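Colleague: I am in my first year and would like to learn how to read a model like this one. Could we go through it together, step by step?

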Amino acid sequence: MCDADRFSNFKLRTREMCTAIALARSELPCELVLKHRLGERVHERAGLAEIRFQWWQVPTLLPVRRDGRLELVPWGSKSRRGPLPYGGWVDRELVADGLFANSCTEEVVIPANLGHQKGTWFLIVEGIKGIVVQSRFGPVVYILTEPASNYYRNMTEQSPMMPVFVNQVI
Amino acid sequence: MTALVGFGDADSFYSSAEAVRRPWLAGLPVGVLGNQGACVIARSYPMKKFGVKVGEPIWDAKKKCPDGIYVKRDFRWYETLSRRMLAEVSTFSPRVEYYSIDEFFWEGHIPGDHTPQQTAEAVRAHIQRTTGLPMTVAYARTRTLAKLFADTAKPFGAVAVEDSAHEVELLANIPVTEIAGIARRSAIKLEPHGIRTCLDLRNASGLLVQRLLTVTGHDIWRELNGYRATPIRTARTPHKMLARGGSLAGRVTDAFTLYGWLVRNVERLIEELQFHEVRPSTLMVSVSYFEDNSAAGVVHLSVPSDRFDILLDAAKHGLRQAWRSGRTATHMHLIASGLRRGPWQQSLFDPPDVKLEALARVKRDINELYGRWKVRSAATLFANDWYEDPANEHEVCDIRGKFCF
């Protein structure tokens with residue numbers, strides 16, 4: 001059974017959610033900014049420089065904290081026929097049910113100051129959880145999701161799923 | 001030493017409080033969302049500039065301010081900062097009134113080597129240095145004047161108004177509706193008499209004001225004229241009523257869910273009754289409907305009580321009166337009045353129930369020891385989501401000792 005078939009056995013929610021995160025410019029080391037040409041992703045919010053990582057950007061990247069180091073990892077898969085699940089988000093229940101049972105995975109923290117969904121920028125205290133999957137193209141990160149709380153649904157125009165927050169309840 | 005009334009009001013308190021623990025938020029457009037995450041309950045000055053108003057739904061606010069940052073409210077943190085401000089203000093005066101979560105009045109004795117203006121600036125600087133919060137400070141002859149003048153100096157202002165000429169100059173530009181206690185309805189009564197500004201009200205006849213706005217309005221009139229009608233209250237006056245309730249976290253159409261909220265509110269009300277050591281003789285249940293007016297049911301207790309079974313029975317009767325079948329409920333409030341203070345005399349209608357009293361005691365002890373709502377009625381299980389969120393454990397009404405919200 002090929003990977004694409006295997007993933008089709010899971011009811012993957014491919015609906016876009018948390019389509020961007022923002023991190024203060026000062027939190028990213030200069031060498032990382034230069035290496036990945038992040039200058040074009042810098043935005044000013046009322047005078048404060050932040051770097052936005054958005055789902056529509058190419059290359060699609062997310063910052064990830066692994067082994068105490070901050071690195072940028074390709075975010076999800078935009079190919080429906082590839083070896084990885086389509087989208088940038090996976091339900092953590094599906095991961096527990098063995099979505100990536102045949103892959104080498106690692107749970108990571110995606111550091112962020114803000115998240116964005118359906119036009120709402122919301123505060124992120126420490127970060128959100130992600131899972132890095134080793135594929136033949138290298139590591140790929142997905143944002144882990146769970147059913148949204150009533151509060152989060154109201155904030156984000158009834159989004160059914162939300163990211164898994166680190167030490168934060170929304 | 002000149003005796004003036006001091007008044008301090010933290011600027012955009014909830015959003016400033018968020019910036020205290022996350023300094024990078026300072027200067028950004030921040031909106032603090034209410035209990036349901038649907039409405040903006042406070043916003044920073046940069047967000048105000050976009051026209052976002054208090055009470056505005058988030059879906060409208062984010063259209064006006066697409067770069068706005070929306071934050072979930074945290075009343076436990078706001079209380080911590082509120083009490084820190086209270087303690088710091090108290091270093092300037094022995095008589096401080098905890099008026100609301102972000103407002104304080106105090107007897108403003110001015111040290112001999114300072115002018116009132118210097119003292120106002122010193123208080124403002126001290127509060128910012130010790131709490132990290134921006135506060136507008138005003139000194140004036142009365143509390144009503146101090147509060148009005150603080151509003152003219154916001155944000156982060158410091159103003160002292162001692163002489164009548166300066167008062168006149170400022171009051172002439174303040175509409176009467178800016179006075180706490182004069183709502184739009186009162187303003188309509190004043191309008192035919194040419195009373196539109198605070199100065200008009202000050203210059204009006206006291207007799208006329210009393211006729212139009214009763215004693216409360218007359219007290220405001222006295223305060224505007226520099227006579228103190230309300231003293232600085234260093235302790236909260238005993239409550240005449242206690243209420244618990246609020247939004248139902250959405251629209252409720254089924255009776256079981258509504259009953260669950262009723263039980264939750266009864267348990268919250270009992271906590272409050274027991275804290276203040278009072279028992280109500282009347283209980284009112286008020287329900288607001290989406291497509292209809294509010295409805296209420298009133299139940300008189302034969303004997304004042306704070307027992308769960310007795311209050312729940314009464315509340316059920318109240319809800320039956322307030323229930324509108326087929327309608328969508330959005331808010332519920334339980335209001336306990338006719339509060340009696342102990343010692344309570346037993347009567348024929350109030351037989352002691354040893355088992356129920358022991359049960360109530362165990363429930364209270366466990367919750368005090370292990371946290372609020374660790375033991376609660378099973379009728380509230382429908383709202384596990386609500387109870388699992390630690391932010392819902394502490395609401396603004398749970399901050400005790402202040403006079404208003």
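The questions and answers below concern a predicted model.

Colleague: Is Val30(B) buried or exposed?

Modeller: Val30(B) belongs to strand 2 of chain B, which covers residues 30-33. A residue counts as buried if 20 or more other C-beta atoms lie within 10 Å of its own. Because Val30(B) has 28 C-beta neighbours inside 10 Å, the answer is that this residue is buried.

Colleague: Which residue of strand 4 of chain B stands opposite Trp121(A)?

Modeller: It helps to begin with the strands, since strand 9 of chain A and strand 4 of chain B, residues 69-72, run parallel and are joined by two bridges. Within strand 4 of chain B, the residue opposite Trp121(A) is Ile69(B). Leaving aside neighbours within four places in sequence, the contacts of Val30(B) include that residue too, namely Ile69(B).

Colleague: Which element gives the most to the side of chain A that touches chain B?

Modeller: The contact between the chains takes 20 residues from chain A and 25 residues from chain B. On the side of chain A, the elements that give two or more residues are strand 9 (120-123) and helix 4 (150-155). With five residues, the element that gives the most to this side is helix 4 of chain A.

Colleague: And how many residues on that side of chain A are nonpolar?

Modeller: Sorted by class, the side of chain A that touches chain B holds two charged and six polar residues. The remaining class on this side is the nonpolar one, and its count is twelve.

Colleague: Why is strand 7 of chain B largely enclosed by the rest of the structure?

Modeller: Met135(B), Val137(B) and Tyr139(B) point one way from the strand, while Thr136(B), Ala138(B) and Ala140(B) point the other way, and all are buried. Such a pattern fits a general rule, that in a regular strand the side chains alternate between the two faces of the sheet. Strand 7 of chain B, residues 135-140, is therefore largely enclosed because the number of its six residues that are buried is six.

Colleague: What is the handedness of the crossover from strand 7 of chain B to strand 8 of chain B?

Modeller: Strand 7 of chain B pairs in the antiparallel sense with strand 1 of chain B over six bridges, whereas it pairs in the parallel sense with strand 8 of chain B, residues 158-160, over three bridges. In the parallel pair, the bridge partner of Ala138(B) is Val159(B). The chain passes from strand 7 of chain B through helix 6 of chain B, residues 143-153, to strand 8 of chain B, and this β-α-β crossover is left-handed.

Note on methods: Residues are numbered from 1 along each chain as its sequence is written. Chains are lettered from A and ligands numbered from 1 in the order in which they are written. This is a predicted model: local features need pLDDT of at least 70, side-chain atom pairs count only at pLDDT 80 or more; totals for chains, interfaces and linings use all residues. Helices (H or I, at least four residues) and strands (E, at least two) are DSSP runs, numbered from the N terminus. A residue is buried if 20 or more other C-beta atoms lie within 10 Å of its own, exposed if 12 or fewer, and partly exposed in between; C-beta atoms are placed from the backbone. Two residues are in contact if their C-beta atoms, placed from the backbone, lie within 7 Å. Ala, Val, Leu, Ile, Met, Phe, Trp, Tyr, Cys and Pro count as nonpolar, Asp, Glu, Lys and Arg as charged, and the others, Gly among them, as polar. Two strands pair if DSSP finds at least two bridges between them. A crossover is right-handed if, with the strands pointing away from the viewer, the path from the first strand over the helix to the second runs clockwise.
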